[in-house]
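The following paragraphs lead through one structural model, from its interior to its surface. Please keep the sequence and the coordinates in view while reading.

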Amino acid sequence: MYIKRNIGWGLILRFGWKNILFFVFYAAFIFSLYYFLNLTFIDIPFQPLSVIGIAVAFYIGFKNSQSYDRFWEGRKIWGGIVNYSRTWANQVLCLIDDDHQTKSILIHRHIAWINALRIQLRQPTSFSIKENSSVESLFKKHGEQQPACDATKQFVPQEEYEDLLSRKNTATHIVKNQGLHLKKLSKEGKITEFDKQLLHAVLEELYNLQGKCERIKNTPFPRQYAYFSTVFTWIFVLLLPFGMLNVFEAELANMPDEIQRWFIFLMIPLSVLVSWIFTTMEKIGSNSEDPFEGRVNDVPMTALCRTIEIDLRDMLDEDNLPEKIKPKDNILY
């Protein structure tokens with residue numbers, strides 16, 4: 001998640017430099033055909049092009065709105081994980097009549113769960129967005145793509161960790177192990193049946209929250225909207241220079257001869273500007289489709305996991321608490 005109020009031009013150019021270069025050369029090529037080779041017939045009326053532009057703008061607006069809904073739902077789910085993590089720790093500390101080590105195991109196992117879930121959600125899929133090399137290098141520099149069980153090693157016993165290595169869904173089995181531990185404590189009389197039900201209710205909600213995350217992760221944004229938004233945008237920007245020629249040609253007749261020579265050149269920067277605006281709006285929607293990829297605009301799950309870890313270990317009265325996650329290149333992961 002980008003944390004500065006204003007996005008730096010360095011990051012903007014990381015995402016848009018290839019498109020900007022293409023638009024400059026493309027508009028210059030169309031202008032050269034028109035102006036230097038005298039192919040004046042290549043201009044097209046701007047009125048139908050403006051209708052296409054309006055339609056594309058509405059289509060992009062719908063896509064961006066729905067993409068933002070996916071991001072915001074993901075952020076709300078992780079807000080629920082934060083709240084229920086604190087609830088779990090509080091109930092463990094208050095309801096379980098056993099030594100500190102048992103309580104520590106249950107709370108540390110929960111910290112293992114949130115980190116395992118985070119890593120699982122950040123694994124790439126067949127429909128994950130692919131950016132240009134400069135953006136991908138930033139992602140690889142700070143991204144997390146290691147196996148999910150690696151994030152649990154410091155929080156669970158060695159025997160349990162070795163069992164998790166062979167599991168397909170690490171986070172699911174960690175919650176299952178919590179349930180089995182509660183069963184053991186119930187048999188030993190360390191918790192009452194009512195206490196057990198309260199604790200299991202929290203585990204049930206954790207499964208619900210995990211399932212909601214997996215639903216967003218495993219259900220791509222409908223490709224008919226995502227794909228045709230890109231297609232329609234590029235149709236518009238490829239036709240734009242031809243329409244710009246028509247607009248500027250209509251204005252030339254009202255201008256002095258010494259200005260005409262330079263006025264027509266404005267077609268190139270204005271065409272590049274409009275094309276960049278439309279492609280950037282389309283790209284914003286694409287970058288919000290999958291909020292758990294660990295990219296620039298996604299839910300900062302690493303920071304949230306660290307916040308939960310600090311809170312829960314502080315509730316255990318532990319020393320040497322870890323530092324909060326700090327932004328990297330103004331991005332909170």
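Does Lys 63 count as buried or exposed? At 0% relative accessibility, Lys 63 counts as buried, where buried means under 20% relative accessible area, exposed means over 50%, and partly exposed lies in between (1.4 Å probe, protein chains only). The structure is a predicted model, in which local features need pLDDT of at least 70 and side-chain atom pairs count only at pLDDT 80 or more, while totals for chains, interfaces and linings use all residues. Residues are numbered from 1 along each chain as its sequence is written, and side-chain values use heavy atoms, with hydrogens and water left out.

The salt bridges of Lys 63 come next. A salt bridge is defined here as a side-chain nitrogen of Lys or Arg within 4 Å of a carboxyl oxygen of Asp or Glu, and a search of the whole structure finds 15 of them. One of these joins the side chains of Lys 63 and Glu 282, at 2.5 Å from N to O. Lys 63 lies in helix α2 (residues 46-95) and Glu 282 in helix α10 (residues 267-286), so the pair ties together parts that are 219 residues apart in sequence. Helices are DSSP runs (H or I, at least four residues), as are strands (E, at least two), and they are numbered from the N terminus. Glu 282 has a relative accessible area of 8% and is therefore buried.

Lys 63 also meets the side chain of Glu 289 in a salt bridge, at 3.8 Å from N to O. This pair links distant parts of the chain, with Glu 289 in the loop between α10 and α11 and Lys 63 in helix α2, 226 residues apart. Both Glu 289 and Lys 63 are buried.

A further salt bridge is formed by the side chains of Asp 290 and Arg 70, at 3.3 Å from N to O. Asp 290 belongs to the loop between α10 and α11 and Arg 70 to helix α2, so this contact ties together parts that are 220 residues apart in sequence. Asp 290 is buried, because its relative accessible area is 10%; Arg 70 is likewise buried, at 13%. Salt bridges that share partners join Lys 63, Arg 223, Glu 282 and Glu 289 into one network.

Glu 289 and Asp 290 also appear in the lining of a cavity. On a 1 Å grid over the protein atoms alone, a cavity is a set of points where a 1.4 Å probe fits but cannot get out, and lining residues have an atom within 4 Å of a point. Grid points are joined across faces, edges and corners, and a volume is the space filled by probe spheres set on the points. By this rule there are two cavities of 30 Å³ or more. The second largest cavity holds about 40 Å³ of space. Its lining consists of Ile 129, Ser 286, Asn 287, Glu 289, Asp 290, Glu 293, Arg 295 and Asp 298. By class, this lining has one nonpolar, two polar and five charged residues.

Another buried position is found in helix α3 (residues 100-121), which contains Leu 106. Leu 106 has a relative accessible area of 0% and is therefore buried. Its C-alpha atom is separated by 10.0 Å from that of Gly 179, 73 residues apart along the chain.

The surface offers a nonpolar patch of about 510 Å², made by Ile 52, Tyr 227, Phe 228, Phe 232, Ile 235 and Leu 239. Patches are made of residues with over 30% relative accessible area and no salt bridge, with like charges joined within 9 Å and nonpolar side chains (Val, Leu, Ile, Met, Phe, Trp, Tyr) within 5 Å. Accessible areas come from the Shrake-Rupley method with a 1.4 Å probe, and for residues only the protein chains shown count as cover. Helix α8 (residues 223-252) contributes the largest share of the patch, five residues. Phe 232 is found in this helix and counts as partly exposed, because its relative accessibility is 33%.

Finally, which residues in the segment after α11 (301-315) deserve a look at the backbone? Asp 317 is located there, and its phi is near 60°, a positive value in a residue other than glycine. Asn 320 lies in the segment after α11 as well, with a positive phi near 55°. Most residues other than glycine have a negative phi. Asp 317 is exposed, with a relative accessible area of 66%, and Asn 320 is exposed at 73%.

How values were computed:
1 Å grid on protein atoms, 1.4 Å probe; cavity = no way out; pocket = protein on both sides within 12 Å on 5 of 7 lines; lining within 4 Å. Nonpolar A, V, L, I, M, F, W, Y, C, P; charged D, E, K, R; others polar.
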